[in-house]
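Got your viewer open and a selection box ready? Here is a walk through the model, one stop at a time.

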Amino acid sequence: MKEKVIFVLLLVITLSGCHSNKKKEVVESLEKPNVLFIAVDDLNDWIGVLGGHPQAKTPNIDKLAARGMLFSNAHCQAPVCNPSRASMMTSLYPSSTGIYFLNPDIKDSPIASKNIVMPKRFQAEGYTVFGGGKLLHNGEGINETHIPNYAGQFGGFGPMPKEKISTYPGHPLWDWGAFPETDNQMPDYKIASWAESKLKGNYEKPFWMGVGFYRPHVPQFAPQKWFDMYPLETLQLPKTISDDLDDISSYGIDITREKHVSPTHEWVLENDAWKPLVQSYLACVSFVDEQVGRVITALDNGEYGDNTYIVLFSDHGFHLGEKERFAKRSLWEDGTRVPLIIVGPGIEKGKICHKPVQLLDVYPTLLELTNLEPDLNLEGHSLVSLLKNTNTEWSHYARTSFGPGNYSITSEDYRFIQYKDGSEEFYDHNSDPEEWHNEINNPKYIEVIGKHRSEIPKEQYEILGEGSTGHLSYEASDNNRGNDKR
């Protein structure tokens, strides 16, 4: 897998020429650098430079990666939108704050509310701060509360057809297909247009700008031209095996299925929907890649391209049939791994880092890159040492949770999962990058499993909030404990 990522990125560098020669590689300026913070919702590793799907077409994200550092082993702190984004903006683990699922908001956590969120920290440091689209969760007033000068959602997950395009009878957001007719009807297009206009402005102070795109989150809609890039007759499905779940506990299966709203694998197969789902996801990925490209071009063509740090990331991964499931909410590689790219002054071009890093590392990283004082309350670790040298000593692992007791610990070569019922999984990514073979009982891994197990937090904050899909899934899986169906 590492070799594939390196090859793809080297190819992108060769073809793109990285970046215009008129731009200096290292900016020598006394001015404070700007920050362009780009969030892409539900984007897994199906981008060219990560090689997650061999047919994925993402030329703009690929070119961006060629201009800086691609973190090929980056992970979210929760495989759900709200806790992942809350964790990133506060640099606190869900197990520290109690924000595990789609609610509550940061302000409703006694611990999280004590940390100043990233955009407000930059505002306090004299930055002009503004943002648009999905930067935190889409709950009522959440982005307005935490993002100064918030420009709005621009239509959010819309527009929606009068009737569902797909035959799936479930949640209204779970729909897919070619819709609407033109790009400019899409919220993400409008968000990119807003960003373009903001990047043409003149600012007396440095800026922190957040741009949050909604696709490829469901509903997986995009105009027909994006679907035409992925003909069904030549489309490849993800690699899977028929007995993938045989070495996983009932609890490990239940936590990814009970009370969830996404289509089951059985429904997808019975309704011949697998290829259409893959096609729709890839169409949305290519559509949002185009919007990312528009924003980056506007930055480059303006006054701030040489003195701006760009961070592009996704809030969590997404399954398209791997592990016999669709959507997020899992502790496996497809649920936790995210794209993370950092570009800017002094960052060497075309580098790939395979060390395990986390989204909550971004906050302290941006503080250091912009020469601001560190915040000792942040639980993340600055990535600046890795930005300088990918081979530097890095003792940290990546940790993801889906409720108290359910954790995955990812290192450079392995993934360890421990569930609330005590069942465990262990995968060697050197020989099994797809995580098909649970090696938890293999004696050759006893020592390394022990090291990963020691990373499980000993203290876990109680679950806050109630009633969301995650809350219900966690409760249902807990109720099924001791009722092993195998």
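Before the clicking starts, one cut-off: a residue is called buried when its relative accessible area is under 20%. Also keep in mind that this is a predicted model.

**Stop 1: a hairpin**

Select residues 398-401, which make up strand β15. Color by accessibility and you'll find both faces covered, with Ala 398 and Thr 400 buried on one side and Arg 399 and Ser 401 buried on the other. Now add residues 407-410, strand β16, which pairs with β15 in the antiparallel sense over 4 bridges. To check the register, pick Ala 398 and look across to Thr 410, its bridge partner in β16. The hairpin has 5 residues between the strands, and among them Gly 403 takes a positive phi near 90°.

**Stop 2: strand β1 and its two partners**

Jump to residues 34-40, strand β1. How many of the 7 residues of β1 are buried? The count is 7 of 7, so to speak a mostly covered strand by the under 20% cut-off. One side carries Asn 34, Leu 36, Ile 38 and Val 40, and the other carries Val 35, Phe 37 and Ala 39.

Next, show the strands that pair with β1. Residues 308-314 are β8, which runs parallel to β1 and is joined to it by 7 bridges. Asn 34 has Thr 308 as its bridge partner there. Residues 207-213 are β6, also parallel to β1, with 6 bridges joining the two. Click Ile 38 and you'll see Val 211 of β6 standing opposite.

**Stop 3: helix α3**

Select residues 81-90 for helix α3. Here 10 of the 10 residues are buried, so the helix is largely enclosed by the rest of the structure. The run goes from Cys 81 to Thr 90 and includes Arg 85, Met 88 and Met 89. What covers the buried residues of α3? The cover includes β1, β6 and β8 from the previous stop, along with α4 (94-97), α5 (118-124) and α13 (362-369). Step just past the helix to Ser 91, where phi is positive, near 55°.

**Stop 4: His 316**

Go to the loop between β8 and β9 (319-320) and pick His 316. Buried or exposed? His 316 counts as buried, because its relative accessibility is 0%. Turn on polar contacts: the His 316 side chain makes one with the side chain of Asp 42, at 3.2 Å. The backbone nitrogen of Cys 81 is 3.5 Å from a polar atom of the same His 316 side chain. Expand the selection to contacts, skipping residues up to four places away in sequence, and you'll pick up others including Leu 43, Cys 76, Pro 79, Lys 328 and Arg 337.

**Stop 5: a three-stranded sheet**

Now look for an open sheet of 3 strands in the order β11-β3-β14, with mixed pairing. The edges are β11 (337-338) and β14 (357-358); each has a single partner strand, so one side of each is left without a neighbour in the sheet. Strand β3, residues 74-75, pairs with β14 in the parallel sense over 2 bridges. Select His 75 and you should find Gln 358 of β14 opposite.

**Stop 6: two buried loop residues**

Leu 372 is in the loop between α13 and α14 (384-388). Leu 372 is buried, with a relative accessible area of 8%. Leaving out neighbours within four places in sequence, its contacts are Arg 121, Phe 122, Glu 125 and Leu 367. Draw a C-alpha distance from Leu 372 to Lys 32: the two are 340 residues apart along the chain, yet separated by 9.7 Å.

Then hop to Gly 158, in the loop between α6 (142-146) and β5 (176-178). Gly 158 counts as buried at 11% relative accessibility. With neighbours within four places set aside, Gly 158 touches Pro 187 and Arg 215.

**Stop 7: a cavity**

Last, switch on a cavity display. The whole structure has 4 cavities of 30 Å³ or more. Pick the second largest, which holds about 40 Å³ of space. Select its lining: Gly 252, Ile 255, Thr 256, Arg 329, Ser 330, Leu 331, Trp 332, Phe 402 and Tyr 419. That lining divides into 5 nonpolar, 3 polar and 1 charged.

Key
Residues numbered from 1 in each chain as written. Predicted model: local features only at pLDDT ≥ 70, side-chain atom pairs only at ≥ 80, totals over all residues. Heavy atoms only, no water. 1 Å grid on protein atoms, 1.4 Å probe; cavity = no way out; pocket = protein on both sides within 12 Å on 5 of 7 lines; lining within 4 Å. Points joined across faces, edges and corners; volume = space filled by probe spheres on them. Nonpolar A, V, L, I, M, F, W, Y, C, P; charged D, E, K, R; others polar. Buried < 20%, exposed > 50% of the residue type's maximum accessible area, 1.4 Å probe, protein only. Polar contact = N/O pair within 3.5 Å; in protein donor to acceptor, adjacent residues only side chain to side chain. Contact = heavy atoms within 4.5 Å. Pairing = 2+ DSSP bridges.
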